[in-house]
Amino acid sequence: MKIIAGNWKMNGSRAALDDMIDAISRVATGDVRIALCVPYTMLRAGNAAVMIGAQNVSKFDGGAHTGNVSAAMVRATGAVATLVGHSETRDELHDKNADVSIRAARAIENDLLPIICVGETDTERDAGIGTDVVVRGVRESVPVCATDGGFIIAYEPRWAIGRGITPDMSDIENMHKIIRKTLDDMGFANTPILYGASVTAQNVHDIINIKNVDGVLVGGASLKKQDFIPIIENAK
Ligand code: PGA
């Protein structure tokens, strides 16, 4: 089963989400699992076709942490998943792998499926340390409380996200092979690995059929039905 997750970032509305869930419910079949990660104000329960997720959770359980939203609060909306460690939150909140690991732990403790994002910057890639950064990202961002299949890894090359750039298919294949081996070594042989960055209706079929790619995480092209529904259809 392939997984297709949308990341709405700071976009959308409750009405647009209802409309998208309706549209997805009409086309989704049992062989794809769809998730939409939306801003906190739009969180709600999904349905049999669509899981709803947040885009981050606080490192804290509660208390004096202005501007934070806890994993328990997210779960109470009916949402069932959350991104953690997305490159934009790593940048804007200065999160390191250790911070991401704490956020993922809070998600797991509160019955949310964490989608743990890892990826290398262009500087790291040019310096030839891209794979080291990604392997360390996986090893250090997955919390000790994680169980096999109880979380998802999303590999997102940070130099490609939101820029319309897609890596060569062989680069995606190589990185996913390395991540697969890392997860296997950690005892997580059944944990899915998504690819994310510049996924479109045009490239999704090729990408999702690369070895060790269990699905995709889609940003810009998940916002509009005319872009996202063809992604779901072309992924089949
Ligand atoms: P993009 O974003 O598809 O717009 O490149 C992916 C992401 O940020 O998850």
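## Polar contacts with the ligand

In this predicted model, a polar side-chain atom of Glu156 lies 2.7 Å from an oxygen atom of the ligand, a polar contact being a pair of N or O atoms within 3.5 Å. An oxygen atom of the ligand is also found 2.8 Å from an N or O atom in the side chain of Lys9, whereas Gly162 places a backbone N or O atom 2.7 Å from a ligand oxygen atom. Of the 280 Å² of accessible area that the ligand has on its own, the protein covers 95%, with areas taken from the Shrake-Rupley method and a 1.4 Å probe.

## The shell around the ligand

The residues around the ligand, each with a heavy atom within 4 Å of it, include Asn7, His86, Ile161, Ala197, Ser198 and Leu217. By type, the shell divides into 4 nonpolar, 6 polar and 2 charged residues, where Gly is counted among the polar ones and Asp, Glu, Lys and Arg are the charged ones.

## Nonpolar cores

The largest nonpolar core has 61 residues, and Ile4, Leu36, Ile153 and Phe228 have the most contacts inside it; such a core is a set of buried Ala, Val, Leu, Ile, Met, Phe, Trp, Tyr and Cys residues joined through side-chain atoms within 4.5 Å, with buried meaning under 20% relative accessible area (1.4 Å probe, protein chains only). Helix H1 (residues 14–27) gives the largest share of this core, 6 residues, helices being DSSP runs (H or I) of at least four residues. Apart from this core lies another of 14 residues, among them Ile3, Leu113, Cys117 and Ala154.

## Basis of the values

Residues are numbered from 1 along each chain as its sequence is written, and side-chain values use heavy atoms, with hydrogens and water left out. Local features need pLDDT of at least 70 and side-chain atom pairs count only at pLDDT 80 or more, while totals for chains, interfaces and linings use all residues.

Terms used. Polar contact = N/O pair within 3.5 Å; in protein donor to acceptor, adjacent residues only side chain to side chain. Buried < 20%, exposed > 50% of the residue type's maximum accessible area, 1.4 Å probe, protein only. Helix = DSSP H or I, 4+ residues; strand = E, 2+ residues; numbered from the N terminus.
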